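Please find below a colleague's note on the structure under review. It is set out as numbered points for discussion.

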Amino acid sequence: RLEADPPDLFVGVDAPDFNLGLERRLRARGIRTMHYVSPSIWAWRGERIHRMAAAADHVLCLFPFEPPYYEKVGVPVTWVGHPLADEIAPTIDRAAAREQARVPNDVPVFALLPGSRGGELAQHADLFVRTARAVLADCPQARFLVPLTNRATRDRFEAAIHAEAAGELPLTILFGHAQLAMAAADVVLVASGTATLEAALMRRAMVITYRVPWLTWRIMWPRRYLPYIGLPNVMAGEFVVPEILQHDATPQNLATALLNLLRDKPLRERVERRFESMYTTLRQGAAQRAADAVMAQLGRPHAGVPATTAGHTPGASGT
């Protein structure tokens, strides 16, 4: 269809395993291509940058540390900021969030984010329930908010509560409302992924954890390029918040780290100030900057590929 009615510009959004192959084929046929959201080549599988170079005339990146990777191999690149930062308010009202979540304003509140996929809940649900119990044993006033994305993840978490005979925990499960849970919280326990960045943009101190099946860990862990996996730590270039992973991710270790952050107010405030800086950096008006880059690309000649193929002119029928 794209060959029969070629666009002026094709923009592939994320999904590199699908989009890069499509972009490469379109580019070979003279259709200009952009790719929005860089794969995490800075974390692992750095060889993917060569696929990016073959597929995209221009790359739009979310993080300010990404452009140099592309500049080294001669791929035109624009940093646009992160759209999630544009969606989060500059001021977070913890008291209002607690009122909406129906938790007291004068008790410690922990947000528990065990993940959004079934496999993540299989690894984390029991662990997070046991961690909540360990926190409560040391901090009897604690309350817990657990935002879950759908019925399947809620059922899996409720099954873990039942299996652990933990019905007595002062724990509220929310359908969605992850930002509400984090806004209400003093400290967040979060499975590694985009939710860690969301917590940082909400300016909340956190403990990052993750578990995967043993064989996956053995294969993937040696292939990493960085000593940290959480996006806030990647962006900072250091361990701003703790990461407790795989075999180290025990209920007691996680509970200790959460309580340390809760009770060390100066540390928590330093973390929040660091996250405020990240929020300011990433809040760039990503939609407008991406649109500007797209419009600029439409005005440029195509890079190194014939403008016509198979007897037709790309862009003849519009964008």
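The points below begin with the whole chain and then turn to individual helices.

1. Overall composition. The model is a predicted one. The chain contains 14 helices and 10 strands, and its C-alpha trace spans about 75 × 40 × 35 Å along the principal axes. Of the 319 residues in the chain, 50% are buried. Contacts between residues at least 6 apart in sequence were also examined: 71% of them join residues at least 24 apart.

2. Geometry of helix H14. This helix runs over residues 286–298. With 13 residues at 1.5 Å a residue, H14 should span 18 Å, and its end C-alpha atoms are indeed 18 Å apart, so the two values agree.

3. The two sides of H14. Ala286, Ala290, Ala293 and Gln297 are the buried residues to consider here. They lie on the same side of H14, because the arc that they cover around the axis is only 60°. On the face turned away from this buried side, the helix carries the exposed residues Ala287, Gln288 and Met295. The packing partners of the buried residues of H14 are strands S1 (9–13), S2 (32–36), S3 (58–61) and S4 (77–79), together with helix H4 (83–87).

4. The crossing of H9 and H13. Helix H9 comprises residues 194–201 and helix H13 residues 265–282; their axes come within 8 Å and cross at roughly 105°. H9 is therefore roughly perpendicular to H13. On the H9 side the contact involves Leu197, Ala200 and Leu201, which meet Phe275, Met278, Tyr279 and Leu282 of H13. Classified by residue type, this contact has seven nonpolar residues, with no polar and no charged ones.

5. Helix H12 and its surroundings. H12 (residues 251–263) has 13 residues, and the distance from its first C-alpha to its last is 18 Å, close to the 18 Å expected at 1.5 Å a residue. Its buried residues are Leu254, Ala255, Ala257, Leu258, Leu259, Leu261 and Leu262. Their cover includes strands S5 (109–113), S8 (187–191), S9 (205–210) and S10 (243–245), as well as helices H6 (118–138) and H13.

6. Alanine 159. Is this residue, placed in helix H7 (residues 151–163), buried or exposed? Neither term applies: alanine 159 counts as partly exposed because its relative accessibility is 38%, a value between the cut-offs of 20% for buried and 50% for exposed. Its C-alpha atom is separated by 12 Å from that of phenylalanine 128, and the two residues are 31 residues apart along the chain.

Note on methods: Residues numbered from 1 in each chain as written. Predicted model: local features only at pLDDT ≥ 70, side-chain atom pairs only at ≥ 80, totals over all residues. Heavy atoms only, no water. Helix = DSSP H or I, 4+ residues; strand = E, 2+ residues; numbered from the N terminus. Expected span 1.5 Å × (residues − 1). Buried < 20%, exposed > 50% of the residue type's maximum accessible area, 1.4 Å probe, protein only. Arc of directions from axis to C-beta. Contact = heavy atoms within 4.5 Å. Axes fitted to C-alpha atoms, helices over the stretch in contact; angles between N-to-C directions. Parallel < 35°, antiparallel > 145°, perpendicular 65-115°, else oblique. Nonpolar A, V, L, I, M, F, W, Y, C, P; charged D, E, K, R; others polar.
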